[in-house]
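Hello,

Here is the structure we talked about handing over. My notes on it follow below the display.

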Amino acid sequence: MSDLDHDLAAEQTHLTVSREALRAMRERAEGLFATGNQVAGDAYAAETLGRTLAMRVKELADDPTTPLFFGKLSFDGTEHAGHTFHIGRRHVTDAVGEPLVLDWRAPVSRSFYRASARDPQGVGVRRRFGFATGELTSFEDEHLNRGEELGTRSTILTNEIERPRVGPMRDIVATIQPEQDELVRAELDESICVQGAPGTGKTAVGLHRAAYLLYLHRERLRRSGVLIIGPNSAFLRYIAAVLPALGEVEVKQHTVEDLIGHVAVRATDSPAAAALKHDARVAEQLRSLLWRRVRRPSAPITVSDGSYRWRIDLGPLTRIVDDVRREEPAYSLGRERVRSRVVDLLLRQSEARGESPGEAWQRKMGKIGPVAAYLDEVWPVVTPEGLVAELLTDPPEGFEAIAWATPPRSVKTAKWSTADALLIDEAAGLLESVPSAGHIVIDEAQDLSPMQARAIARRSSHGSVTLLGDLAQGTAPWSATDWRDTLHHLGKPDARVVPLTIGFRVPEQVLELANRLLPSLAVDVPPARSLRPDGRLIFGKVGDLAATAADALTEPGSVGVICADASIPSVIATLTAAGLSPGGPEDDERLTVIGATLAKGLEYDHVIVIEPADIVAAEERGLHRLYVVLTRAVTALTVLHDTPLPAPLA
């Protein structure tokens, strides 16, 4: 047996031993879960322990088709000299606690991603492993101590990046590049904006940063939470498997609409009304409308507790309102402060007479008629829906476009639009503070409107954010043209903006075609560069659709047919008539038909684009939409058209 064969056999043995150790770790956790109620001190402790152990059992799940480790570091310098560490998706120890696999997020694992021939960081040899359906089949060594470094010339690295995919997005933990790792390991208190061109891995960076922060700040973030916000349910479904594969099973994923779901959406706005409702100026109108309700009292109050009559003059009552107003609390909290300070004045009068009223007396005084009437006069009760209804019934000058054509008979019968839900969330935030998440990852953020950004800001007031997007892919009427504007509305104006321009997934030929659109998109972003010259770009006629799809299905990977939304029925009919079985964005079929408006953030090995001119003509920002569509391909792009291509591509 050669030395290479011996090394490969030894690594395969280590994989077998590591999987057995992980199974033992899971069995121990299952045993503790089964007996947890017998050792807990009370019912609450038992429930807490049970929940923790159940989560531990889920985190230790093993997928035999996924490599348990993907790399190995052999140190000949620093404090780790003479030690070797296998790097994987989670920490695995033997029966006595010795590590068999180190979590990729551990401090020593950083060198797997950052070490280089110029800066080996004490690493003598970096080894990458090749796998086939979970079985270790090969390895590749870089002797950094001899100045050997493969970088993106690594065959195993390249094969992993280019591996065909069907179904959900995979993690990139085995292929994170140094510039990506720097963002992944940024500190929790730092907010970052990643301007990422297509195929640069910005989505993966955001998800892996969430996993890294949860590893480093487990208890803090378990209390405050981590949120992932995506543009639509198809996108969230596509990325849903990444964090669980990294052992993180508690992270919540939402669209903005899910996040703010105060009311049922039963109405649709005109484009003009929707644009105005997404404008930050409407937030100031709501604030002004709300605080105009606060006024000074008109008369003193007299209160009887059954034993005495207490009087509070107009001066002290006015000072209470003025003082609380200057403190600028949330509106509902301000009302309660006013109530509390009025009761405190009554309490002082009672104590001056030698009485010692208890809490029950104070609660009674806070609700008694004269106090309640005073509160309703100076600081009346407001509901979010009521405030928005008032704005939509009689909007101020310049906001006439948001007016209800026919106002509802009451707030309860109102039919709200998606944009109205944003206004209601804004109003709710004025009334009461919203709990802050510890960290929020926002993907496809170039399409956030100012009001959507404000909704997220209310939920990250004491946390940080990772903003991911590409200004060139902005397709909404309110899409950003400068990240500083979005960061301002998010309440993170000082966040650094980091460009990623090197594409690892999208082939060179595809990016060169898409980059022709950039001068027409009115955004200042650097063009993407691809490290993959091996892609295919093909042009044909629409009549070639069925044959093109059938040919694509003979190769490994997924096939996405993307067209203008209105063309979906005819495209499906054509493919079905040819004996193919296309699925939709919610399915796991190899062949998927998807409208251009839902393609953002998704990837397919082979993309077939139908009639680019129809995609452009379908909406105001159609060229931006086409840029998105063209860059969904990671192996081959076929453009089928009978109508002339849009001018920038001609």
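**Domain 2 against domain 3**

The rule finds zero salt bridges across the interface of domain 2 and domain 3. Please keep in mind that this is a predicted model.

What the two domains do have between them is three residue pairs in polar contact, with both residues at pLDDT 80 or more. On the side of domain 2 that touches domain 3, two residues are nonpolar, one is polar and one is charged.

For orientation, the domain assignment of the protein gives four entries:

- domain 1: 3–162
- domain 2: 182–265 + 385–504
- domain 3: 295–378
- domain 4: 523–649

Domain 2 is thus listed in two segments, and domain 3 falls between them in the numbering.

The centres of domain 2 and domain 3, taken over C-alpha atoms, are 40 Å apart. In contact across the interface are four residues of domain 2 and four residues of domain 3. The two domains bury about 270 Å² between them, and carbon and sulfur atoms give 54% of that area. Of the area that domain 2 buries against domain 3, 89% is supplied by Leu430, Leu431 and Glu432, more than by any other three residues.

**Helix α21**

Separately, I looked at helix α21, which spans residues 508–515. By the domain bounds, domain 2 ends at 504 and domain 4 starts at 523, and α21 has its residues 508–515. Which residues of this helix are buried? They are Val510, Leu511, Leu513, Ala514 and Asn515. Their cover includes the strands β16 (529–530), β17 (536–540) and β21 (633–640), along with helix α25 (622–630).

Regards

Note on methods:
Residues numbered from 1 in each chain as written. Predicted model: local features only at pLDDT ≥ 70, side-chain atom pairs only at ≥ 80, totals over all residues. Heavy atoms only, no water. Domains from an automatic or database assignment. Contact = heavy atoms within 4.5 Å. Buried area = accessible area lost by both parts, 1.4 Å probe. Salt bridge = Lys/Arg side-chain N within 4 Å of Asp/Glu carboxyl O. Polar contact = N/O pair within 3.5 Å; in protein donor to acceptor, adjacent residues only side chain to side chain. Nonpolar A, V, L, I, M, F, W, Y, C, P; charged D, E, K, R; others polar. Buried < 20%, exposed > 50% of the residue type's maximum accessible area, 1.4 Å probe, protein only. Helix = DSSP H or I, 4+ residues; strand = E, 2+ residues; numbered from the N terminus.
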